[in-house]
Each structure stands twice: as C-alpha cells, then as structure tokens.
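Thanks for sending this one over. Here are my notes, set out point by point so that you can follow along on screen.

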Amino acid sequence: MDAAHRDGPDRYPVDVRSLALQYSVQRFPDSPIKRVEADDLDGFEGALLPGETRKNVWGILYDSKQTAERARFTVAHELGHYLLHRDKQPKGFWCGEDVIVRREVEGIEKEADTFAAFLLMPLHDFRALIPPDHKPTLEELGDCARRYGVSLTAAILRWLEYTNRRSMLVVSNEGFARWAKASGPAFRSGKFIRTRASVFELPGASLVATMGADVDPTVVVRQSAGVWFDEPVEESCIASSRYEMQLTLLHLGAQSARSWHSEAPDEEDSFDRFKR
Ligand SMILES: [Zn+2]
C-alpha cells in the first residue's frame, strides 16, 4: 500500500514534531518554529506563540496532561495556524478543548483542525483502509487510530467526513449525550442529534445506557425502530476510562435508490494543500 503514497508520507504515524521544526526552517528560514514542547497550559490544549524577545521565531506548546495521540493532533493543529494564520494574529494562538477534541468551530480554528486531520490522516490512505461504502466496526476504526497515532474520536470524525454511509458518533457520560456528529448522508436524511441548545438523554434501551462502562466494544446490537430513531440502527459502544466518556457508533440503513448524494466535491489531498 505504501507504494501508492504518491506525494504523501510513506510512514505513519506522521512525525509532526519533526515536520514542524524541519519544514518551517526550510520553507520560512526568517520565521521558523524553534520549539515544540509540552507545558502545563492551565486549561488550554495548545498554543502557537511568537518568541518573547524575537517576534519572528515561533514555538508550539501542547498541554503536558495530553496523551501522545491528543498531543499529535494538537501539534498538527498549531502547525496549521503557523502555516495558514500567523500573519493574521502576530500575538499567537491559544486553543481550547472545543477546538481540538470536538472540532466544532468555525473560521480559522476550523481551518487549523481541517489541516491537522488532512495531515495526520490523508484521505487516500484512509479510504484504502476503509472504503466510503464500507460499514466499519469500532475495531477497524481503532486500527486506523493506531496507524495514524490519533485518538479513536479523531479517527471516527475523519471517517465520518468522507463515508457514503449514514452513520453517527455519540459521545456521552452520565446518561447524556455531550455531543454527536453525523455523517453528511445521515445529516441530509434528517438523522442527527442536537446537543448544543438542548440536553439529549440517552435512550433507555440503548446499549450505551444499559452497559455503560462495562460495555464490550466487539458487540454490535441491532436496535429496532424507536430506540434511537424512527428506523432501526446498529449500535456499538466503547468506554473510555480516561475521560469517563462512552463513544457510541451508530450505523443506519444503507442509502435507498433515492440516494442522499454527497454534494461536496472530493476533498483535496492533504499534501496538495500543504504544498501551497
Ligand atoms: Zn487553534
């Protein structure tokens, strides 16, 4: 498979730290990234900051409490700010959890997140592992997360961006959905969960509500209409002890003949964008 990586990295996970240091000094020798370091960021996930005495050198910081997977995404996000936005905000960037974990933001924060996802999980590679029509299990998505060195959440969000399937991720704790993300085809067919303005209680008969932290991630339950939506879904769930959260993967039925077509053009390859 690696021979197919025309322009992209041929090795995963992407070594984003070395990339930030080496690429920036080669490409922008007058304003390179000089440091990539862990620090106690006191509630923030990451930062891109100019030097205190030399404003034309930059440093990337990531919170020292992060796992290696989270830190990799954070550094890639800050590298995105460096490449795309540093002229717009010469005082630098402080980035919080909503940005880096949930990717529920607009504007430059969304651009930096998109850059990070493109860089760490190139679409051509991800699609070769999980084709757009395939219905992956949590184990298969976990294999992708390990390949790319990212969190399971980050890998699922990336897959939801390109799948042709109607599927959804629900992140919950203590009986309530904290946030959820539907694939484009699911959203366009009216299947999504609102969590911003209202509270969503997990369905009483759902696997996640009945099993909680004891759930077996290899179990797939076919739920009848009325449990999650007005149609059957396949539900599987994994508990994350680190954050005391559960991730629930929902697969709705395949597209009908009147299909919910993706109107979005194919995403550009990460390195096409990166090289520009
Ligand atoms: Zn940011």
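1. Which residues of β5 are buried on one side, and which on the other? Please keep in mind that this is a predicted model. On one side sit Ser167, Leu169, Val171 and Asn173, on the other Met168, Val170 and Ser172, and all of them are buried. Both faces of the strand are thus covered. Counted over residues 167-173, that is 7 of 7 residues buried.

2. Now for the neighbours of β5. Strand β10, residues 245-251, is joined to β5 by 6 bridges, and the two run antiparallel. If you would like a pair to look for, Val170 has Thr248 of β10 as its bridge partner. Strand β6, residues 176-182, is also joined to β5 by 6 bridges and runs antiparallel to it. Here you can find Ser172 standing opposite Ala177 of β6.

3. Have a look at the turn as well. The hairpin of β5 and β6 has 2 residues between its strands. Glu174 in this hairpin takes a positive phi, near 50°.

4. Next, the open sheet. Its 4 strands come in the order β1-β3-β2-β4, with mixed pairing. The edges are formed by β1 (33-39) and β4 (93-95), each of which pairs on one side only. From one strand to the next, the twist averages 15°.

5. Within that sheet, β1 and β3 (residues 58-63) run parallel and are joined by 6 bridges. Val36 is a good place to start, with Ile60 of β3 as its bridge partner. Helix α2, residues 68-85, packs on the sheet and touches β1, β2 (46-50), β3 and β4. The direction of α2 makes about 150° with that of β3.

6. How do α6 and α7 cross, and at roughly what angle? The axes of α6 (residues 138-148) and α7 (residues 152-162) come within 8 Å and cross at roughly 105°. Because angles of 65 to 115 degrees count as roughly perpendicular, α6 is roughly perpendicular to α7. On the α6 side the contact is made by Leu138, Leu141, Gly142 and Ala145, and on the α7 side by Leu152, Ala155, Ile156 and Trp159. Sorted by type, the residues of this contact are 7 nonpolar, 1 polar and no charged.

7. Helix α7 deserves a second look for its burial. It is mostly covered, with 10 of its 11 residues buried. Among the buried ones are Leu152, Ala155, Ile156 and Trp159, which also take part in the contact with α6. Arg158 and Tyr162 of α7 are buried too.

8. For the chain as a whole, there are 10 helices and 10 strands. Of the 276 residues, 49% count as buried. Among contacts between residues at least 6 apart in sequence, 58% join residues at least 24 apart.

9. Finally, a word on confidence. The chain averages a pLDDT of 87, and 84% of the residues score at least 70. Over residues 1-7 the pLDDT is below 50, and this stretch has 14 contacts in the model beyond near neighbours in sequence. Residues 257-271 also have a pLDDT below 50, with 26 such contacts beyond near neighbours in sequence. Where pLDDT is low, predicted coordinates should not be read in detail.

Note on methods: Residues numbered from 1 in each chain as written. Predicted model: local features only at pLDDT ≥ 70, side-chain atom pairs only at ≥ 80, totals over all residues. Heavy atoms only, no water. Pairing = 2+ DSSP bridges. Axes fitted to C-alpha atoms, helices over the stretch in contact; angles between N-to-C directions. Contact = heavy atoms within 4.5 Å. Parallel < 35°, antiparallel > 145°, perpendicular 65-115°, else oblique. Nonpolar A, V, L, I, M, F, W, Y, C, P; charged D, E, K, R; others polar. pLDDT = per-residue confidence, 0-100. Buried < 20%, exposed > 50% of the residue type's maximum accessible area, 1.4 Å probe, protein only.
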